[in-house]
Every structure is written in C-alpha cells, then in structure tokens.
Amino acid sequence: MPAAANQALLAGELEGYSVLLDAWQRGVQDDIADPARVALTALARHVDERRPRQLRHLCMPGPWFEPLVDLPVPAFGTLPALPGLPAWMAVGIGFWHALLEYRQRVEAFCAPYQNLGTRTLARLEQTPDAPMLDSAAELYAHWQQCQDQIESELVRTQSWSLSLGHVTAAAAALRAAHRQYLELLLGVNLDGSGQRALSDEVADIRRQLRALKRVS
Amino acid sequence: MILPGLAAAALQAERERLDALLGAFAEAPSWHDRSAARLPVEGKASLLYYPPPGEPAARPLLLVYSLVNRVRVLDLAPGNSFVERLQRLGHPVYVLDWGRPDASDAGLSLADYVCGYLSAAVRQVRHHSGARSIDLLGICQGGSLALCLASLEPRAFNRLVTLVTPVDFHTPGDVLADLARVLDLPTLLAPDGNLPGAVLAALFGLLRPLRGADAVRAPWLEVGAEPEKHARLQRLLAWHADYPDQAGRAWLEFVTACYRENRLLQGTLILDGHAVDLRRLRLPVLNVFARADHLVPPAASQALGRAMGSRRYQELAIEGGHVGIFAGRRSLDIVPPAISRFLTATPTKKPR
C-alpha cells in the first residue's frame with residue numbers, strides 16, 4: 001500500500017480529532033467561555049455533515065460513479081414503455097431509472113444517520129458516570145465511544161440490514177445498466193461470461209485431478 | 001460531564017503530537033518477511049515456514065487464516081507478532097497464505113479450498129517437517145474451514161485450536177447473518193465472477209462502530225514517539241485496508257451454506273461428496289473466543305462444544321475484540337502461551 005493511501009486513512013481516522021483541537025485552540029485564543037464545549041459543538045456539526053457523505057462514498061458502486069451519482073439530474077418518475085424506441089435510447093432510459101433508484105436507496109439508507117453528531121453530543125452530555133477526562137485525547141476517545149454506541153444501535157436493527165440490502169441491490173443494478181449501456185455504445189461484450197466459463201473449466205480440471213489422485 | 005480545561009500550551013502540544021503522528025505516515029509501511037521459506041501448495045496458495053529459534057518443542061503447527069484478509073496480520077511486527085510468540089514457545093509454525101484470487105480463480109468452490117488447497121497444505125507440512133501428525137490452528141473463517149477438514153480427515157491432526165471461529169451462524173445478534181439473508185448475493189459479483197474486495201471493505205467499514213467499548217480500540221492516539229509503535233500501526237492500517245477479491249463461487253457457497261442455511265452446525269455441509277460432521281471430531285480441541293467480538297458473537301463460537309459433543313473440548317474466553325485477540329498487544333501475552341500449553345499438554349494417547 002502506498003504511503004499516501006495509508007496517510008489518508010490515518011488522517012480520515014483522526015479528522016474529527018483535528019476539528020476538535022482546531023476549534024478548541026481558537027476558543028482559547030479568543031478567550032471565550034467554555035472553549036471545550038464550543039469545540040464539541042464544532043465537532044458535532046462536522047460529524048453531522050461528514051458522516052452521511054462518508055456513507056454515500058462507502059455505498060458507491062465504484063469510483064466511476066461518484067461524479068455521476070452527484071449530477072443534478074431531474075427525477076421524472078417511471079416512463080411508460082415506448083414501443084419502437086431505438087435500442088440505445090431504451091437502454092439509456094434503463095440506466096437513468098437505475099441511477100434514480102440508486103439515489104433514492106442511498107438517501108433512505110443515510111437518513112437514520114442524519115444529525116449523528118448532534119445526537120452524539122447529547123449522548124455524551126447525558127452519559128451517567130462520565131469518566132474523569134484530563135486531556136483532549138481522552139475527550140475525543142469518549143466522543144468516539146458515544147458515536148460508536150449510537151451507530152451500533154442503528155446497525156443492529158432489522159431495518160438497517162434491509163436498507164443496506166436495498167442499496168447494494170440498487171448499486172448492482174446500476175453497475176449492470178451502466179455496463180449494458182457501454183456495451184451498446186461501444187459494440188463490445190463486457191459481461192465477462194467467457195472469462196467465467198474459462199475459470200469454471202480450470203476449477204473443474206483441478207477437481208478431476210484431485211479425484212484421480214484419490215483413486216490412484 | 002466536567003470537560004477538561006486545557007491551557008493554550010497543552011492544546012498546542014497535542015496539536016504538534018497529532019501532526020507528528022500524521023507526518024510519520026509519510027513513508028510507506030515496510031513489511032519484512034521473516035519466514036525462512038515459502039513452500040508451494042496448489043494454485044496461488046503457499047505456505048510460509050517459521051522455524052522455532054532452537055530445537056522444536058512441539059509438533060508442526062499449521063495456521064489457517066480467513067480468506068477475507070491477508071495473513072500478514074499474524075506477523076505484524078517484531079515483538080508484536082502472533083507467529084513469533086508461537087515460534088519462541090518452540091512451535092515450528094506454517095502459515096497458509098491463500099494467495100490473491102483473480103479472474104482465473106472465480107470457479108473455485110468451497111470444496112476446492114478445503115479438500116484441495118488446505119488438504120494439500122497439510123500434506124506439504126507433513127512432507128517438509130517429516131511429521132506424521134500435525135497440529136492445526138484456524139482463525140475466523142479459517143477456523144470454519146479447518147473444522148471442515150478436521151472432520152473429513154480426523155486422523156491427520158493431533159490437536160485443533162479454533163480462534164474466533166463461527167460455527168453456529170444463526171445466533172441472536174449476528175449482524176453478518178442478518179445481512180447475508182437480505183443481500184442479493186450473485187448481484188454483488190463483478191463481471192469476472194469474483195466478489196470485489198472493495199465490497200467487503202465497504203461492508204466491514206459500515207460495521208466498525210459495532211466494535212464497542214470493550215474491544216481493543218485502534219490506538220491512534222496512544223502512539224507516542226516510538227518508531228516501533230508507528231511501524232506497527234502503519235502495518236495494521238495497511239492490512240486493514242487490504243481486502244483481496246474473493247473467489248466468487250466459493251464465497252457464494254460459504255455465505256449460502258453457512259450464513260443462510262447453517263449447514264456446518266447441522267452437519268449437512270457437503271464437500272467433495274462427503275458430509276462435514278463435527279461429531280466426528282474426536283481430537284482435543286481448544287476453542288478461543290473474544291467476549292467483545294462484533295463479527296463472530298461468542299455464542300456462535302461456543303456452539304462448537306455442543307456440536308462436537310466431546311469431553312475433549314475446551315474453551316478460553318478472552319477480553320477484547322475480533323482482531324485484538326491475535327493482533328492486540330495484551331492478548332499476545334495470554335493467547336499464544338495458552339495455545340502452546342494446550343498443544344504440548346501430555347497426550348491422552350501416544351502421538352503418531
């Protein structure tokens with residue numbers, strides 16, 4: 001793994017802590033009352049805005065789709081099947097529908113994560129038997145623990161699993177529609193069926209060899 | 001809640017510590033392969049051999065890890081290595097590296113992995129070490145695969161250890177099983193027939209908050225100036241982000257047979273025409289599980305005891321999470337010595 005990727009990963013892990021420290025330092029410099037609480041509020045706003053974006057990125061069917069999914073395209077509902085439509089247009093409409101369906105599913109999946117930062121802040125402030133915190137790092141660790149608690153409560157619900165199932169199915173449908181569209185435009189076969197047949201055959205030969213070894 | 005009141009100097013010091021930590025990651029992590037030899041097995045699978053520092057004090061031990069991640073987490077850093085601890089306790093250690101599947105592997109089945117690769121690895125360990133009987137240690141999904149082979153070839157092994165290994169896939173709170181039920185599995189496969197590693201990375205990324213407070217947390221903020229700790233953390237991060245593609249057919253079979261249909265527990269999993277029956281396991285088994293495991297609930301592992309129905313079954317519960325049990329610094333002081341004691345305990349019958 002290249003250093004930049006690793007660095008980005010760690011920076012991602014510590015992004016919230018960086019936001020907390022920045023706001024805290026500014027609060028101290030500006031001599032405001034209770035800078036730690038102000039910093040926590042800044043962190044809550046950051047998580048409110050950042051976490052749904054992270055989730056959208058995680059659910060993405062592939063890096064290609066990120067700009068495509070964010071395109072400002074109108075949702076005009078389901079079009080009636082139009083006989084005599086040219087193939088490229090029919091496939092294009094199928095792709096369009098898949099894109100709209102995917103967007104709806106992602107929005108539904110991310111909805112329970114709305115205001116996650118604000119809810120974490122409330123949980124943090126209401127924690128009974130709150131630990132004694134002596135440092136910024138300890139405060140952030142406590143924040144992470146509260147945020148994890150809320151997210152794990154979400155993840156353990158049946159509706160979360162169902163919603164994720166819908167997103168992944170919509171992402172798969174979008175990938176398939178996109179491939180179909182490209183195949184039609186480029187006049188090539190991208191479905192990989194030939195490759196799959198070959199790998200099935202290789203595996204089958206391995207199995208036959210194993211069976212032969214067993215009887216010999 | 002009383003918030004800490006920190007002076008500007010203390011905050012600045014913390015900011016500098018954070019910047020230094022991020023700066024330390026400007027270099028790519030280095031992975032020093034400590035193995036003494038890499039032995040071929042079959043297909044892309046191979047064995048990494050780690051001899052003990054002196055005369056072997058135990059039988060050869062074959063480590064079988066999950067197909068989901070790479071095996072190098074078992075030898076993370078000198079002084080913080082599961083494999084190294086076992087070596088120092090006198091075990092000749094062989095680690096099965098499944099390799100990185102590509103399009104040519106999409107047709108591999110679960111039976112190919114268990115009765116093909118894993119069985120061939122056992123033969124290679126026997127051949128290389130000269131031992132007739134070896135010990136087997138399976139981790140996570142690798143533990144499930146190890147259980148399959150041990151039940152199909154019970155005479156091949158002397159003792160078996162399973163670590164955070166799912167056996168009952170339908171215990172309450174098993175989030176992976178919940179997901180397996182609702183996902184349309186074949187649609188997740190790429191055109192080449194494999195499951196892209198990125199899909200698994202996203203899935204496990206979403207499940208990370210489940211780790212919980214009792215699990216070993218990633219020690220981002222505890223890492224001081226020590227270069228060894230930086231190196232360890234760098235490798236852990238790099239490992240954590242590295243999900244190889246999964247051979248499509250085997251992945252579908254595993255998720256369907258185990259997570260959906262719970263066939264391993266029921267004794268109805270068929271590999272190469274033979275039913276995997278855990279009641280056939282008559283060898284001594286040590287089952288180690290993590291109390292705060294967010295991926296394999298303790299009850300999912302503990303089901304092995306009931307499934308075996310043997311008095312030769314033992315359990316060891318460890319505080320911590322799924323990965324911490326073999327990569328966490330605290331667990332390394334507990335788990336490898338416990339495994340070694342179990343493996344070198346006086347045999348109930350003469351070793352073959």
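**Exercise 1. The contact between the chains**

Work out how many residues chain A and chain B each bring to their contact in this predicted model.

*Solution.* Start with the totals: chain A supplies 60 residues and chain B supplies 54 residues. Next, look at which elements of chain A take part. Those that give two or more residues to the side touching chain B are α1 (3-29), α2 (35-59), α5 (116-126), α6 (136-155), α7 (158-186) and α8 (193-215). The top contributor to this side is α1(A), with 16 residues. Finally, sort the residues on the chain A side by character: 31 are nonpolar, 16 polar and 13 charged.

**Exercise 2. α5(A) against α6(A)**

Find how α5(A) and α6(A) are oriented, and which residues meet.

*Solution.* First take the geometry: the two helices pack at an angle of about 115°, and their axes are 9 Å apart. Angles of 65 to 115 degrees count as roughly perpendicular, so α5(A) is roughly perpendicular to α6(A). The crossing is right-handed. Now for the residues: from α5(A) come L116(A), R119(A), T120(A), R123(A) and L124(A), which meet H142(A), W143(A), C146(A), Q147(A), Q149(A) and I150(A) of α6(A). This contact comprises 5 nonpolar, 4 polar and 2 charged residues.

**Exercise 3. α2(A) against α5(A)**

Decide whether α2(A) and α5(A) are oblique or perpendicular to each other.

*Solution.* Their axes come within 6 Å and cross at roughly 140°. The pair is therefore oblique. Among the residues making the contact are L40(A), A44(A) and R51(A) of α2(A), along with L116(A), T120(A) and L121(A) of α5(A). By character, the contact residues split into 6 nonpolar, 5 polar and 3 charged.

Technical notes. Residues numbered from 1 in each chain as written. Chains lettered and ligands numbered in written order. Predicted model: local features only at pLDDT ≥ 70, side-chain atom pairs only at ≥ 80, totals over all residues. Contact = placed C-beta atoms within 7 Å. Helix = DSSP H or I, 4+ residues; strand = E, 2+ residues; numbered from the N terminus. Nonpolar A, V, L, I, M, F, W, Y, C, P; charged D, E, K, R; others polar. Axes fitted to C-alpha atoms, helices over the stretch in contact; angles between N-to-C directions. Parallel < 35°, antiparallel > 145°, perpendicular 65-115°, else oblique. Left-handed = near helix turned anticlockwise from the far one by under 90°.
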